[in-house]
Each structure stands twice: as structure tokens, then as C-alpha cells.
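Okay, thanks for squeezing me in. Let me put the thing up on the screen, and then I'll talk you through it.

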Amino acid sequence: QARTSGLIPWWADNRLEVEFWRPVAAISHWLDYQWWPDSPLIMHWHSAVWYALLLCSLLYLLTQLGLKGAVLGVAVVLYALDASHLVAIGWLANRNIMLAGCFAFLSLAFYHRSTLQSDPKTLLGAAILLAASLLSAEGGLAIAGFMMSHALFLDQRTWSRRVFWLGTMAVVVVGWRVIYGTLGFAARNSGAYFDPVADPASFIDNALIQIPILIMDQLTGIESLQLLMAPHTLVAQAVVGAV
């Protein structure tokens, strides 16, 4: 039915299944249609506000990590002007990733503060913010990599403390993933989304090609989203990116 109506292209896989669990992001769109249903312009302003909040959360995180002065300003400006953020800002349906990023930055900031003070209450706040990030978009999971790096290189406490703190965040991630699958949400056979749990082989195969391209994006400013739209050149791009 979706293919007949033009909602998806005619070449889509018959087994295509894309159902996301993003209730926090969904609420933001529900509010759009409650408060200004006939004004796409205000909906875009709503997304712009979330981008401003995202930058504020990054500023807060970097301040917590000890950055200040010109270094702090340059870091935030570079992030704010990153061209790869344009789609998230300009496409209303992609607002979810800004919400996820905002909550993820705050979660890492709370996590860092909780390790400095060994405060379980602040750790609980970090866990709640991580859950909010995951319930905004699956991409919120990326902050887990930063938390692991924090445990390895920034946390100065005993290893038992580090493991307990990191384990608390892992419980949130595992619990989210189990509920996600139990409720029937999934992304399969789209060619765009790869689930590391349901299809690890495809995820790894795709990661080996796309990670060098994403790194090249960061080093050169070349917009990777456009590069990824040219599948016949992906391997060549990956080689160039790796070099």
C-alpha cells in the first residue's frame, strides 16, 4: 500500500519494516499539532529552539569537563556551524536527533559530575537523561561510547567504582533495547538502518565502509550525507577516508 501510494519507492524490499520507538520526540510533534497545526514556520522555530538547547547542553557539558575561555568558545562554535547538522535542523521529522543529542550531552555531564562526587543521586539523574535520549532517537546510544571513554581515561576512582557507575548506564541501555524489541519495534531490510543486535553482520559490514567516510567528514568538512547518497562510490570514499 505504501509503495502504491508513493510513500516509499517502488524498489523497496517487500520485507521492509521500519517502526521506531521515539515517544519523547513524538510528543514534541504532537505539541506542534496541538498549538500551531497550520503553521509550519512555527514548527521550524520549535526545532530551532531545540538546536539552541542542544548547544546550551554542549556548553554545559564542556564547562563541566573543565573547558573555559577561548577554547570553550571555539569548541561550541565549531559544533554549532557543523554542516552535518543542517538536515536535523531543517527537516522537521529529524528533530528527534536534536532532542536525543541534548539529553545525551546532559547525561554525560551528570555522569561526569557524579564520578567527581561519587554521588548516586547525580548518577540516577544521568541514567534518567540517558533514557530520555534513547526515547528520543536510537542515535542517543552513541553517548555510551563517550561514557566508556570517560571510565577509562577520566574517572580517577577505583575500578570497582568505575564498573558500577558504567554498569548502571548499561542497565538503562539493555533495558531500553529489550523493551524496544518486546514491543515489536524494529528497522529491517531498509538498506539505511542496521540493527547491531538483530543483524550484526550487516551492521559491521556497513560500519567498515561508513566510519572512514564519517571521519573524513569531520576532518574535511565535506558533507557525508551527500556522499552516502552515491552508493556506487562508497568503497572508494571509504579508502580515501581511511587514508
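So, let me start with a cysteine. Cys56 counts as partly exposed, because its relative accessibility is 48%. Bear in mind that this is a predicted model.

Now, Cys56 is in no disulfide. The nearest cysteine sulfur belongs to Cys102, and it sits 8.3 Å away. Turn that around and start from Cys102: its closest cysteine sulfur is the one in Cys56, and 8.3 Å is too far for a bond. The cut-off here is 2.5 Å between the sulfur atoms. By that rule, the count for disulfides is zero. And is Cys102 buried or exposed? Cys102 is buried, because its relative accessible area is just 6%.

Okay, zooming out. We've got 12 helices and two strands. Going along the sequence, the pattern reads α-β-α-α-α-α-α-α-α-α-β-α-α-α.

On overall dimensions, the C-alpha trace spans about 60 × 50 × 40 Å along its principal axes. The radius of gyration is 19 Å, and that agrees with the value near 18 Å for a compact globule, because the protein has 243 residues. Buried residues come to 35% of those 243. The exposed surface is about 14,500 Å², with 71% of it supplied by carbon and sulfur atoms. As for contacts, take the ones with a separation of 6 or more: 67% of them are between residues 24 or more positions apart.

Next, the inside. In soluble globular proteins, nonpolar side chains tend to be buried together. Here the largest nonpolar core has 36 residues, and Tyr111, Leu130 and Met169 have the most contacts inside it. Several helices each put in at least two residues, among them helix 3 (40-64), helix 7 (120-134) and helix 9 (159-182). Which helix gives the largest share of this core? That's helix 6, with nine residues.

What does Leu130 touch, leaving out residues up to four places away in sequence? The list is Ser107, Gly140, Ile143, Met169, Val172 and Val173.

Last stop, helix 6 itself, residues 95-117. Of its 23 residues, 17 are buried, so to speak mostly covered. From first C-alpha to last, helix 6 reaches 34 Å, close to the 33 Å expected at 1.5 Å a residue. Then, just after helix 6, you hit Ser118, with a positive phi of about 50°.

That's my tour, happy to rotate things if anyone wants another look.

Note on methods:
Residues numbered from 1 in each chain as written. Predicted model: local features only at pLDDT ≥ 70, side-chain atom pairs only at ≥ 80, totals over all residues. Heavy atoms only, no water. Core = buried A, V, L, I, M, F, W, Y, C linked by side-chain atoms within 4.5 Å. Buried < 20%, exposed > 50% of the residue type's maximum accessible area, 1.4 Å probe, protein only. Helix = DSSP H or I, 4+ residues; strand = E, 2+ residues; numbered from the N terminus. Contact = heavy atoms within 4.5 Å. Expected span 1.5 Å × (residues − 1). Rg over C-alpha atoms; globule rule 2.2 N^0.38 Å. Areas by Shrake-Rupley, 256 points an atom, 1.4 Å probe, with all protein chains shown as cover.
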